[in-house]
Structure formats: C-alpha cells, structure tokens
Amino acid sequence: MRFRKRASPTPIPASEITPYETYLSRRELLAGGTGIALGAALGFGARHAAAEAPAPLAYVRNAALSVSEPPNSYQDITTYNNFYEFGTDKSDPAARAQSLRTRPWSVSVGGEAEVTGTFPLEDILKGHALEERVYRFRCVEAWSMVIPWVGFPLGDLLKRFKPTSRAKYVAFKTLYDPKQMPGQSVRILDWPYVEGLRMDEAMHPLTLLAVGLYGKTLPNQNGAPLRLVVPWKYGFKSIKSIVRIRLVSHQPPTTWNETAPDEYGFYSNVNPNVDHPRWSQARERRLGELWKRKTLLFNGYESEVAGLYKGMDLRVYR
Ligand code: MTE
C-alpha cells in the first residue's frame, strides 16, 4: 500500500458548477446533436459512448452532518473499490467500470407505495437540493475512508412515493447486465446485487442517495449514477448503480447475508464489539494512515442512530 498525499476538498468556482438536472439535460441534447457527431468520430454510437467523465455539481455543504476528519484523496476513493460486478480486486472497478453506461438511466419504484412506476434518473433527482456531506466509511474488511459525498436524503425521495402503512422495509437492486458488468458472468455472487434497510433506517436523515463525490458526479467505479450511503453500517450495505427501489412488508434478502449468513447479518451496523467470525472488528486501517484506529460503535454515529436499535441485542441482530 502506498501512502499518498491527501488532497484538500477543492471548492469549485460557482461559474463552473452545473446543477445536476441541467447537466443531465445538456448531455441529452448532446446525445441528440453534436454528441452523435463526436461519438461517431470516436467510433462509438453516442448513446453507447464510453463512461461519462465526472462533471461538476451544484451543491451546498452540510457542515452539521459532516465529520471534521480530513477526507481521503480523490485518488484513494476512486481507485480502491469494491464493485464485484467488475472483478474482485480493489483496482478492478477503476480499470474496468468504463463499460458501464449510466445514460440513459431509470429507476423503478414499486411495492407498498401509492405512487409507483419507472422513472428516468432526471425525474428521480428533480427537486432535490444536493448536499455535500463528509462521512466516515467503514468496510467490513476493516479498512476505512472519509468521503465527501454529494447527494440527498433517501427519505425525501421515498416520501414522494407515499409509502403505505404496510411498507416496513426498503429493497434495492443493482443493474444486471453482464455485457456492461463483466464480473456478472462469474457466479461469485447471486446477481444482481441486492440490499435492504428497515423503513426507519431508510428514513433516517443520515441515509443518503449519492450522485457524486468531491463535488463531481460519481465515477462509475463508485456506483454511478446513483448509490446508497449508510454511514453507520458496513460499506457493503451501500449498494451501487441502483435500478430498483421497492417498499416491502417483510425483511428483504441481501446479497452478503444470502452468500454467507454466518458472516454477514441483515443489519450490519459497524460494531467493534462483535467480531467477524474470521477477523476482529475492533480496529480499522484508515487509508493513508500508518497506525490502526479504534473502530467506533455505529462508526461514530452512535448519538444519531443508537435509538433505532433500542432494546435489540446487537449480537443477535448483527
Ligand atoms: N454494490 C454493488 N452493486 N456491488 C458491490 O460489489 N460492494 C459493496 C458496496 N456496494 C458492492 C456494492 C462494498 S463491499 C463496499 S465496501 C462498498 O460498495 C465500496 O464502495 P466504494 O468502492 O465506493 O468505496
């Protein structure tokens, strides 16, 4: 592991910032106009062009919900990834995720809600002010980072679909397309990747739908164009490249729990007192740091989220 100099968050001049919807519709115009010519010149059909380059976003920094620890570098966050759809090495997603086409993109919303259907990404994002939130991110493999995400609360989106009283959980699904995601041709996991949250976890103000990091749209390897971020849970709960959100009455299956139920529970809250059966969770290696840190209960978000689990034995509901 090489240690790199940390980059400071780069404030982007307001003149360079494009609100996400404007950015998307501009891409749409390009795809119908000059983009075709450019795409053809480059040897791609415009709609099948290679990955979108991360583009600046308009956002407001949410200092109250951000940690004061320095963020990891853009380089670390975008080259040390878990995204098994593109391979199992940490460097595979950055090297291979360019085959994922994130435009056009739609998300289907269904289940126990009054409003359901398949919505273009632009409609999903409409009306949501983007915030930058610097969160701790703790992987179950005992490494961690600090990431300046850009996104909006998942709860604000869910409210728009008017969940019924039967909606007790939310289930998420990643795109399934082995042509774009070559790792899906290998049955290491039961594709597509799926995840879930209890309704109150999904509605918690810290639970974010991220569309960007470091002020720009997400690179493919980080789960473009839309991924979940649940900062008090192990990183695998933060499902990438979401195409379906379902409100459901029963606890939904989740990929790692189905793959290895003895090792990964449904809740997967960061907990230094409950070890993984094969390694300790007491400490973590923060990328870029020499000495291991103590892992904090709920990843340091205890005062905000412990109430969600009142009366639950965290060894049983792990
Ligand atoms: N989502 C999908 N669809 N596929 C994956 O393999 N890996 C998970 C999670 N979301 C994964 C996923 C794991 S194990 C982690 S630690 C985080 O994504 C990594 O997010 P990052 O690469 O942005 O740091």
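In the predicted model, P192 is placed in the loop that runs between β6 (169-174) and β7 (194-198). The peptide bond leading into this proline from W191 is cis, with omega near -5°. A cis peptide bond also joins R103 to P104, here with omega near -10°. P104 belongs to the loop between α4 (92-96) and β2 (106-111). A further backbone feature is found at A142, where phi is positive, at about 75°, although the residue is not a glycine. The position of A142 is in the loop between β4 (131-138) and β5.

Strand β5, which spans residues 143-153, also takes part in the largest pocket of the model, where it supplies the largest share of the lining with 4 residues. In total, 27 residues line this pocket. Those nearest its centre are N82, F83, Y193, G235 and F236. By residue class, the lining consists of 17 nonpolar, 6 polar and 4 charged residues. The space within the largest pocket amounts to about 470 Å³.

The largest pocket is the space taken by the ligand. Around the ligand itself, the shell comprises 16 residues, the closest being N81, Y84, E85, R227 and K240. This shell divides into 7 nonpolar, 6 polar and 3 charged residues.

Polar contacts to the ligand involve both backbone and side-chain atoms of the protein. On the side-chain part, an N or O atom of E85 is positioned 2.8 Å from a nitrogen atom of the ligand. E85 is also listed among the closest residues of the shell. For N82, a polar backbone atom is found 3.2 Å from a nitrogen atom of the ligand; N82 is, in addition, one of the residues nearest the centre of the largest pocket. An oxygen atom of the ligand is approached by N222, which places a polar side-chain atom at a distance of 3.0 Å. With these contacts in place, the protein covers 98% of the accessible area of the ligand, which on its own is 530 Å².

Methods: Residues numbered from 1 in each chain as written. Predicted model: local features only at pLDDT ≥ 70, side-chain atom pairs only at ≥ 80, totals over all residues. Heavy atoms only, no water. Near = heavy atom within 4 Å. Polar contact = N/O pair within 3.5 Å; in protein donor to acceptor, adjacent residues only side chain to side chain. Areas by Shrake-Rupley, 256 points an atom, 1.4 Å probe, with all protein chains shown as cover. 1 Å grid on protein atoms, 1.4 Å probe; cavity = no way out; pocket = protein on both sides within 12 Å on 5 of 7 lines; lining within 4 Å. Sits in = over half its atoms within 2 Å of the grid points. Nonpolar A, V, L, I, M, F, W, Y, C, P; charged D, E, K, R; others polar. Points joined across faces, edges and corners; volume = space filled by probe spheres on them. Helix = DSSP H or I, 4+ residues; strand = E, 2+ residues; numbered from the N terminus.
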